[in-house]
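Hi everyone, thanks for coming. I'd like to walk you through one model today, going from helix packing to a few single residues. Please have the viewer open and follow along.

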Amino acid sequence: MKVVYTNEALALSLSNIQGDLGFVPTMGALHDGHISLIEKSRSENKFTICSIFVNQKQFNNAEDFEKYPKTIDTDLAKLELAKCDMVFVPTNEQIYPANFKAPYYELGNIENVLEGYYRPGHFQGVCIVVNRLLDLIKPNKLYLGRKDFQQCIVIQKMLALQKLEATIELCIVRTKRDQFGLALSSRNLRLSEAAKRKSLILINSLQHAKDALNRDENTDLTKIQNDSINEIKKAGFESVDYFDFINEDFEVIKDNNESKRIIAILTAATIDAVRLIDNIEI
Ligand code: AMP
């Protein structure tokens, strides 16, 4: 496995490869969820590259950025074991040189709802870094996790805005969970065992809500939403930012009589000062 740290070394190494290139962007603190993206890319491409870069531009909270776990040695060992071909570990200066001008992306309403509402500027920061990495790497396929569903839709939009859709295929990989169902996340490292057990309420409530919708498509969404938020709080969460139903245009649906189909339920909640997100497909 080749590890490169500069844009020049990256360009040189990439110039030697032939065949489809799959790219998995990450912020490190790798777990089996990230590795499942590497495996998917390996199964669909001749060559797989992973990047590890904690992108300050996507953190709206300075403390969250400071606290973000950094485990580069174990990350590289995991990638080696997963037979990743190359890892790009740039410094901030490589990604954002002094003359770098951050573009602004017209993302529309998607950046004002759910994660966008609670993390102002977050999705602009995500688009800036992913667009920059795509410029440097020029992959054929880009692998993102369904765990960050809104992020997948945002990146799909960015690819369309940048006219990259025809050259880069976005591949969304299903959420990897632990044996009990908790979505794997780098933030789980900050959870006690007890908090991890309590956190199962997220996927359980999402599943209950989905079951209720499947049983009766005219069911009262506000009631499901309120019941779910109460259940999550009762399980020990300090706060629930949202538990919402979204349609195919990524609009939050409050009333089940709307014509557009519900495609997912998304939630974000905080336990032991750790903010977790999860979602379920309908
Ligand atoms: P991050 O390092 O958290 O920015 O995540 C890098 C990529 O891994 C993103 O595309 C995430 O959606 C994806 N990812 C994170 N957790 C999981 C998971 N549990 N299952 C599948 N993909 C994941």
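Before I point at any strand, a word on what I mean by one: strands here are DSSP runs of E with at least two residues, and they are numbered from the N terminus. And please keep in mind throughout that this is a predicted model.

With that in hand, let's go to strand β10, which covers residues 274–281, and find Asp278 there. Is Asp278 buried or exposed? The cut-off for buried is under 20% relative accessible area. Asp278 has a relative accessibility of 4%, so it counts as buried. What does its side chain do in there? The side chain of Asp278 makes a polar contact with the side chain of Arg177, at 2.9 Å. If we leave out residues up to four places away in sequence, Asp278 touches Arg177 again, together with Ala183, Ile203, Leu206, Ile265, Leu266 and Thr267.

Now for the helices. Please rotate to helix α9, residues 193–215, and helix α10, residues 221–234. Their axes come within 10 Å and cross at roughly 160°. Angles over 145 degrees count as roughly antiparallel, and therefore α9 and α10 are roughly antiparallel to each other. The crossing in which α9 passes α10 is right-handed.

Which residues make that contact? From α9 we have Ile201, Leu202, Ser205, His208, Ala209, Ala212 and Leu213, and they meet Leu221, Ile224, Ser228, Glu231 and Ile232 in α10. Sorted by class, the residues in this contact of α9 with α10 come out as 8 nonpolar, 3 polar and 1 charged.

Next stop is helix α7, residues 122–137, and I'd like to begin with His122, which lies in it. His122 has a relative accessible area of 5%, so this histidine is buried. Where does its side chain reach? The side chain of His122 reaches the backbone oxygen of Gln58, at 2.8 Å. For a sense of distance, try picking Asn99 as well: His122 and Asn99 are 23 residues apart in sequence, and their C-alpha atoms are 22 Å apart in space.

Let's stay with α7 and look at its neighbours. Helix α8, residues 149–161, packs against α7 at an angle of about 55°, with the two axes 10 Å apart. That angle is neither under 35 degrees nor in the range from 65 to 115 nor over 145, and therefore α7 and α8 are oblique to each other. Here too the handedness is assigned: α7 passes α8 in a right-handed crossing.

On the α7 side you'll find Phe123, Val126, Cys127, Val130, Asn131 and Leu134, and these meet Gln150, Gln151, Val154, Ile155, Met158 and Leu159 in α8. The residues of this contact of α7 with α8 divide into 9 nonpolar and 3 polar, with no charged ones.

There is also helix α1, residues 7–15, whose axis comes within 9 Å of that of α7, with a crossing of roughly 50°. That angle makes α1 oblique to α7. In this contact, Asn7, Leu10 and Leu14 come from α1, while Arg132, Leu136 and Ile137 come from α7. By class, the contact of α1 with α7 has 4 nonpolar, 1 polar and 1 charged residues.

Let me move on to helix α2, residues 32–44, where Ile35 is found. Ile35 counts as buried because its relative accessibility is 10%. Which residues does Ile35 touch, beyond those up to four places away in sequence? They are Lys78, Leu79 and Ala82. Gln56 is 21 residues from Ile35 along the chain, and the C-alpha atoms of the two are separated by 23 Å.

Last, two backbone details for those of you who like a Ramachandran plot. Lys138 has a phi near 50°, which is a positive value in a residue other than glycine. Lys138 lies in the loop between α7 and β5, and with a relative accessible area of 61% it is exposed. Phe250 has a phi near 55°, again a positive value in a residue other than glycine. Phe250 sits in the loop between β7 and β8, and with a relative accessible area of 4% this phenylalanine is buried.

That's my tour. I'm happy to go back to any of these views.

How values were computed. Residues are numbered from 1 along each chain as its sequence is written. This is a predicted model: local features need pLDDT of at least 70, side-chain atom pairs count only at pLDDT 80 or more; totals for chains, interfaces and linings use all residues. Side-chain values use heavy atoms; hydrogens and water are left out. Axes are lines fitted to C-alpha atoms, for helices over the stretch in contact, and angles run from 0 to 180 degrees between N-to-C directions. Helices (H or I, at least four residues) and strands (E, at least two) are DSSP runs, numbered from the N terminus. A crossing is left-handed if the near helix is turned anticlockwise from the far one by less than a right angle, and right-handed if clockwise. Contact means heavy atoms within 4.5 Å. Ala, Val, Leu, Ile, Met, Phe, Trp, Tyr, Cys and Pro count as nonpolar, Asp, Glu, Lys and Arg as charged, and the others, Gly among them, as polar. Buried means under 20% relative accessible area, exposed over 50%, partly exposed in between (1.4 Å probe, protein chains only). A polar contact is a pair of N or O atoms within 3.5 Å; within protein, one must be able to donate a hydrogen and the other to accept it, and residues adjacent in sequence count only if both atoms are side-chain atoms.
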